Amino acid sequence: MFRNKSLATAIIAFAVLGTASGSTFAEASAEAKAGAHTYPSVEKTSADKPKQYKMSKEFMEAVGKLPPEFLAQFKKMTSKHTRYSEDATARQVMMEILSDVQCVTTGLMVENGEMAADCAMRASAHRWPKGHLLAYVQLHQINVESLSALPTINGMVEKGLERVADMAIKKDFIGASTEMGNVLRGCATCHNMFRFDKGSSKYIVGE
Ligand code: HEC
């Protein structure tokens, strides 16, 4: 069916990491070639479909080794993320999340439930960075053993932010603040496992 294995792998990766809307690889790459995205605009500040990037052979191999059941679970878990960036790196998207999370804490502290809820929902449904978040994980961590931590982390962070929003809108600021602690534990847990390189300077060569 497929011309070669790497094309098949690319399609698998696309189906899994890519879009929930179910468009084909051919459609997406044709659009990517034409540069045909309809944003930015005030109404539309992200793309509906991920732009296709040529990924390294090593990355495609690591993704190709993930079992189909795992990929299906991963896709289901992330299906609410339907906004994609063609420019932002993971670090930039993380900054956006951080900014939204700070907005949540401000809202809770000053008992502004609407502000807190808006920002919590936005942080929870953050956009995808270019090439998908998995493109920013170290290669040796793209396996079931490492990535199986993600559903728990996702429950703490993204589901947690939804619970925060729900409580904030009901003006339960104490409950929402407690839940926020769990969200932050989720951020820290993921960073502890997957974040590397704080952006060190290559000019500092000694102490
Ligand atoms: C699924 C795992 C994951 C979760 C959950 C997560 N992060 Fe991150 N975060 C990362 C990774 C990976 C990086 C490093 C990205 C890079 O440098 O390319 C990062 C980097 C960052 C950075 C950039 C600054 C730095 O020192 O690296 C900020 C800010 C940040 N995250 C904020 C947050 C906040 C706030 C939350 C929780 C609301 C959060 N992150 C949840 C994986 C995660």
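## Ligand shell

By class, the shell around the ligand holds 13 nonpolar, 2 polar and 4 charged residues. The model is predicted. In it, 19 residues surround the ligand. The closest are M94, L98, C187, C190 and R195.

Three helices each supply at least two residues of this shell: α5 (90–109), α8 (150–169) and α9 (173–194). The largest share comes from α5, with 7 residues.

## Packing of α6 and α8

Helix α8, one of the suppliers of the ligand shell, also packs with α6 (residues 113–124). The angle is about 165 degrees, and the axes lie 8 Å apart. An angle over 145 degrees counts as roughly antiparallel, so α6 and α8 are roughly antiparallel to each other. The crossing of α6 past α8 is left-handed.

On the α6 side, the contact is made by G113, E114, A116, A117, A120, M121, A123 and S124. On the α8 side, E158, L161, E162, V164, A165, A168 and I169 meet them. The residues of this contact divide into 10 nonpolar, 2 polar and 3 charged.

## Confidence

The protein averages a pLDDT of 86. Of the residues, 82% score at least 70.

Two stretches have pLDDT under 50. Residues 1–15 stay under 50, and the model has 13 contacts beyond four places in sequence for them. Residues 18–26 also stay under 50. For residues 18–26 the model has 12 contacts beyond four places in sequence.

Methods:
Residues are numbered from 1 along each chain as its sequence is written. This is a predicted model: local features need pLDDT of at least 70, side-chain atom pairs count only at pLDDT 80 or more; totals for chains, interfaces and linings use all residues. A residue is near a molecule or strand if its C-beta atom, placed from the backbone, lies within 6 Å of it. Helices (H or I, at least four residues) and strands (E, at least two) are DSSP runs, numbered from the N terminus. Ala, Val, Leu, Ile, Met, Phe, Trp, Tyr, Cys and Pro count as nonpolar, Asp, Glu, Lys and Arg as charged, and the others, Gly among them, as polar. pLDDT is the predictor's confidence in each residue, from 0 to 100. Two residues are in contact if their C-beta atoms, placed from the backbone, lie within 7 Å. Axes are lines fitted to C-alpha atoms, for helices over the stretch in contact, and angles run from 0 to 180 degrees between N-to-C directions. Angles under 35 degrees count as roughly parallel, over 145 as roughly antiparallel, 65 to 115 as roughly perpendicular and the rest as oblique. A crossing is left-handed if the near helix is turned anticlockwise from the far one by less than a right angle, and right-handed if clockwise.
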